[in-house]
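This report examines a protein model through one of its helices, one of its residues and its enclosed space. Please keep the structure in view while reading.

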Amino acid sequence: MVIAIDGYSSCGKSTLAKDIARELGITYVDSGAMYRAVTLYFINHDVSIENLDMVNIALSKIAIEFHAVDGSLHTYLNGHDVEQEIRSPKVASNVSEVAVLAPVRHRLVALQREMANKGSIIMDGRDIGSNVFPTAEFKFFITATPEIRAQRRLLELESKGITTNYQEVLANLKHRDQIDSTRTLHPLIKTDDAILVDNSNLSRQQQLKLVLDIIRNNHSVN
Ligand code: CDP
């Protein structure tokens with residue numbers, strides 16, 4: 001079984017996807033973390049996104065994996081735990097420009113499809129239902145107002161000890177939404193077969209129940 005969760009920046013996709021993965025006992029993959037890890041590598045190695053030769057060489061040197069650490073999944077870049085670093089404002093402000101690049105997308109989409117060969121999976125991102133897994137059994141498109149999303153992301157970053165402020169977070173998410181929705185390759189779109197969930201006024205538990213009920217009523221998992 002493949003479950004695709006797409007939606008705007010900071011709309012709670014990964015919280016929802018992790019909760020569902022736990023309830024159903026399936027694998028969760030955070031595709032955004034993979035774009036963030038590539039972005040971190042590009043920043044640390046001064047890879048210019050204007051120079052596609054440099055981009056391709058860099059991609060050939062990048063290995064991304066997920067490993068459980070203290071009960072949660074952490075992103076590893078070339079053997080190093082980068083879970084905290086990839087959430088930094090520095091990475092957030094560059095990731096959408098990196099995610100536009102065709103070689104980056106082709107490499108990461110291939111990796112994402114490989115991950116689904118190993119068993120049932122829930123993956124969140126921007127192009128999961130529209131491009132990575134167009135035949136996914138379940139597709140959800142999550143949204144919430146920009147102000148609510150910014151408030152939630154601010155709290156999340158603060159809880160991780162990352163210094164930022166509401167205006168910076170709001171500006172970043174609007175900036176990424178704009179680039180992600182308008183790029184030519186694999187833009188963020190809601191496909192006709194995706195179920196729209198506006199979680200602006202839903203608690204974490206209410207959102208989980210809503211989506212789980214849909215999955216359980218339409219599939220023989222429990
Ligand atoms: O968690 P948040 O909504 O902030 O974003 P994310 O899921 O970590 O994704 C970070 C960025 O990666 C997005 O803004 C997109 O530019 C890019 N991305 C993408 O292009 N395609 C995906 N399937 C997932 C993320």
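The sections below treat these topics in turn.

## Basis of the model

This is a predicted model, in which local features need pLDDT of at least 70, side-chain atom pairs count only at pLDDT 80 or more, and totals for chains, interfaces and linings use all residues. Residues are numbered from 1 along each chain as its sequence is written, and side-chain values use heavy atoms, with hydrogens and water left out.

## Helix H9

Helices here are DSSP runs of H or I with at least four residues, and strands are runs of E with at least two, numbered from the N terminus. Helix H9 comprises 17 residues (166-182), and its end C-alpha atoms lie 24 Å apart, in agreement with the 24 Å expected at 1.5 Å a residue. That expected span is 1.5 Å times one less than the number of residues.

Buried means under 20% relative accessible area, exposed over 50%, and partly exposed in between, with a 1.4 Å probe and protein chains only. The buried residues of H9 include Val 169, Leu 173 and Asp 177. Through its buried residues, H9 packs against helices H2, H4, H5 and H8.

## Arg 149

Arg 149 belongs to helix H8 and is buried, its relative accessible area being 3%. Residues up to four places away in sequence aside, Arg 149 touches seven residues by name: Tyr 8, Ser 9, Ser 10, Cys 11, Ala 144, Leu 173 and Asp 177. Contact means heavy atoms within 4.5 Å.
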